[in-house]
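Let's work through a few short exercises together, with the model open beside you. Try each task before reading its solution.

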Amino acid sequence: MENKFLVCIDCGQDFVFTEGEQQFFRDRVLAPPKRCPGCRVAKREEMETRRNETKRLLPDTKQCIQSPGINNGREVSHNILV
Ligand SMILES: [Zn+2]
C-alpha cells in the first residue's frame with residue numbers, strides 16, 4: 001500500500017490519504033475520507049455547533065408545548081373564579 005491523493009469535496013484540493021490512514025479506515029470498514037483534514041475539522045466544528053444549537057432549541061420547544069397547558073390551567077381557574 002502507498003499514500004493516495006484524494007480530492008476534497010469541500011475545497012476541491014488534493015490531500016494525502018496516507019498508508020496508515022488507509023489501514024485505519026480499512027480496519028474499521030470506513031469509507032475513505034471525502035474531505036481534507038482542514039475541512040474535516042471545519043465540518044466537525046459545524047456539526048458540533050449545530051448539535052449545540054439543537055440542544056438550545058429543545059428547551060424552547062418544550063416551553064412552547066407547555067405554555068398552552070399553562071394557559072389552559074389559567075383559563076380553567078379564571079372560569080372557576082367567574
Ligand atoms: Zn478541503
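The chain has two helices and two strands, where helices (H or I, at least four residues) and strands (E, at least two) are DSSP runs numbered from the N terminus. Residues are numbered from 1 along each chain as its sequence is written. This is a predicted model: local features need pLDDT of at least 70, side-chain atom pairs count only at pLDDT 80 or more, and totals for chains, interfaces and linings use all residues.

**Exercise 1.** Find the order of the elements along the sequence, and the share of residues that count as buried.

Solution. Step one: reading along the sequence gives β-β-α-α. Step two: a residue is buried if 20 or more other C-beta atoms lie within 10 Å of its own, exposed if 12 or fewer, and partly exposed in between, with C-beta atoms placed from the backbone. Step three: of the 82 residues, 1% count as buried.

**Exercise 2.** Describe helix H1 and the loop that comes after it.

Solution. Start with H1, residues 19–27: zero of its nine residues are buried. Next, go to Val 29, in the loop between H1 and helix H2 (37–81). Its phi is positive, near 50°, in a residue other than glycine. Finally, Val 29 is exposed because 6 other C-beta atoms lie within 10 Å.

**Exercise 3.** Work out the surroundings of Arg 40.

Solution. First, place Arg 40 in helix H2. Then count: 15 other C-beta atoms within 10 Å, so Arg 40 is partly exposed. Leaving aside neighbours within four places in sequence, Arg 40 is in contact (C-beta atoms, placed from the backbone, within 7 Å) with Pro 33 and Arg 35. Last, Arg 40 and Cys 8 are 32 residues apart in sequence and 9.4 Å apart in space, C-alpha to C-alpha.

Conventions
Contact = placed C-beta atoms within 7 Å.
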